[in-house]
Amino acid sequence: MRMYTQALNTAETDDRGLEDAGRAAQFQARIDAEERIEPNDWMPAAYRKTLTRQISQHAHSEIVGMLPEGNWITRAPTLRRKAALLAKVQDECGHGLYLYAAAETLGASREELVDAMLAGKAKYSSIFNYPTLTWADIGTIGWLVDGAAIMNQIPLCRCSYGPYARAMIRVCKEESFHQRQGYEIMLTLCRGSDEQKAMAQDALNRWWWPVLMMFGPPDATSQHSDTSTKWKIKRFSNDELRQKFVDATVPQAQYLGLTIPDPGMTQDAEGHWRYSEIDWTEFKQVLAGNGPCNRDRMAARRKAHEEGAWVREAAAAYAAKRARRQTAQAAE
C-alpha cells in the first residue's frame, strides 16, 4: 500500500511539475512581450518572492528615510525651508504606504512585512544609516540620495508587475521635486559665505561614497540581478545605473564649484566619468547592522511602532464594530 501511494504521489508531482513548466513558459512569453503581470495572474513563486522582497525593502527605506531628515524640520534655517522639508517627509511617508499596498497585492500582509523589518529580518537602504550632521546634509540627501533613487526608480515605472510600476509613476514625480529642492539648497550654500560652501563640500565628501553604494554590489557579485532582469523587474544592472548617476552628477558638482572626493576620477574618450574602486567593506558592515546609525534607526522605528499600537487597535475595533453592524442590518 505504501509503495502504491508513493508511486501515485510521484506521478501527481510530475504532472504538476509539467503543468508549472508550461505555465512558466507562458509567463515568460508574456514578460518578453512587455505585458504587465497583475495580482490575479499566475506567476512563479520565485517571482512573487523576489517582488515581495524588493517592494517591501523599498517601502521600509521610504519610512526609515523620514528619520534623518525629520531630525532637521525644527532646525531648518527659514520658515520656507521648514515647510518644504516637512512636505518632503510627508511625501516619503506616502511613498511607503503606496509600496506596502503594492506588496500586499502579492499576498503578504503589511503587519507581516513591518514585523520582519523590526525583527531585523528585512533590510532597508543602507544610506539611511548615516547621520545628518549639518543643514548641508539635507541638501546633499536631496541632491545625491534622491538623485540616485530617481536613477534607480524611473526604470521601475516599466517594471513587469503592474501595481509596482503604477505606484512608481507618482513616486518618481515627487522624488524629482525632492532632488531639485536638495540641489537648490546646495546652490544657495555654495553661493553664500566661505563657511557655507565649506559645509556643502564637507557634506559631499561624507555622502559621495555611501551614495554610490546605494545601487548595490557590483554586477559580478549581485545575487538577484540576473533573474530580476530576465523577469523585467529591473531594466539596468547595478553598475550601469551607478555609471549613469556619476555621469549626470559630476557636471552638477562642477556647476556648484564643489569637488568630487575621488582624486582618481578621470573622464574617458566617450565622456564617461570613471570613478575609483569602491571599498565594499563599509557597505557590508552597514548591512550587517554596524553602520553609524543602524541602532538608532531601528530603535526609533520600534518605539514609533509600539507607541502607535493603540491606533492600530482602535482601527481594528472600529472595523469589527462596523462589520457587526453591517451583518445585523443585512439580517433584518
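I'll start with helix α2, residues 45-64. It has 20 residues and reaches 28 Å from its first C-alpha to its last, close to the 28 Å expected at 1.5 Å a residue. Before going on, note that this is a predicted model, so please hear everything I say as computed from that model.

Back to α2. The helix is mostly covered, with 14 of its 20 residues counted as buried. Let me take two residues from it.

The first one I want to show is T52, which sits in helix α2. Its relative accessible area is 16%, and T52 is classed as buried because the cut-off for that is under 20%. What does T52 touch, not counting residues up to four places away in sequence? The answer is L106, A108 and L113.

The other residue is I55, also found in helix α2. I55 has a relative accessibility of 0%, and counts as buried. Leaving aside neighbours within four places in sequence, I55 is in contact with L99, A102, A103, L106, Y161 and Y164. L106 is on that list for I55, and L106 is also touched by T52. For a sense of distance, take I55 and E270. They are 215 residues apart in sequence, and their C-alpha atoms are 35 Å apart in space.

Now the whole protein. There are 13 helices and 2 strands. The C-alpha trace spans about 85 × 60 × 35 Å along its principal axes. The chain has 332 residues, of which 43% count as buried. As for contacts, take those with a separation of 6 or more: residues 24 or more positions apart account for 78% of them.

Next, the spaces inside. How many cavities of 30 Å³ or more are there? The count comes to 1. The largest cavity holds about 30 Å³ of space. Its lining is made up of E69, L85, K88, I138, G142, H178, Q181, G182 and I185. The elements giving two or more residues to that lining are α4, α6 (135-153) and α7 (162-190). Which of these gives the largest share of the lining? That is α7, with 4 residues. By class, the cavity lining has 3 nonpolar, 4 polar and 2 charged residues.

On to a pocket. The second largest pocket has a volume of about 420 Å³. It is lined by 13 residues, and the closest to its centre are R110, V114, R301, H305 and R312. If you want to find the place on the screen, look for four helices: α4 (79-104), α5 (110-118), α12 (294-307) and α13 (309-331) each supply at least two residues of the lining. The largest share, 4 residues, comes from α5. By class, this pocket lining has 6 nonpolar, 2 polar and 5 charged residues. One helix to keep in mind is α4, which gives two or more residues to the lining of the largest cavity and at least two to the lining of the second largest pocket.

Cysteines next. A search of the whole structure finds 0 disulfides. Take C159 as a case: the nearest cysteine sulfur is that of C157, 9.7 Å away. Why is C159 in no disulfide? The sulfur atoms of a disulfide have to be within 2.5 Å, and the nearest one here is 9.7 Å away, so C159 does not qualify. C159 is buried, with a relative accessible area of 0%. C293 counts as buried too, at 7% relative accessibility.

Last, two backbone angles. As background, most residues other than glycine have a negative phi. E34 is not a glycine, and has a positive phi of about 65 degrees. Where does E34 lie? E34 is in the loop between α1 (2-32) and α2, which brings us back to the helix I opened with. E34 is partly exposed, with a relative accessible area of 45%.

The other case is K232, with a positive phi of about 60 degrees, although K232 is not a glycine either. K232 is placed in the loop between α9 (225-230) and α10 (238-256). Is K232 buried or exposed? At 18% relative accessibility, K232 counts as buried, because the cut-off is under 20%.

That is what I have on this model.

Definitions and conventions:
Residues are numbered from 1 along each chain as its sequence is written. This is a predicted model: local features need pLDDT of at least 70, side-chain atom pairs count only at pLDDT 80 or more; totals for chains, interfaces and linings use all residues. Side-chain values use heavy atoms; hydrogens and water are left out. Buried means under 20% relative accessible area, exposed over 50%, partly exposed in between (1.4 Å probe, protein chains only). The expected span of a helix is 1.5 Å times one less than its number of residues. On a 1 Å grid over the protein atoms alone, a cavity is a set of points where a 1.4 Å probe fits but cannot get out, and a pocket is an open set with protein on both sides within 12 Å along at least five of seven lines; lining residues have an atom within 4 Å of a point. Grid points are joined across faces, edges and corners, and a volume is the space filled by probe spheres set on the points. Ala, Val, Leu, Ile, Met, Phe, Trp, Tyr, Cys and Pro count as nonpolar, Asp, Glu, Lys and Arg as charged, and the others, Gly among them, as polar. Contact means heavy atoms within 4.5 Å.
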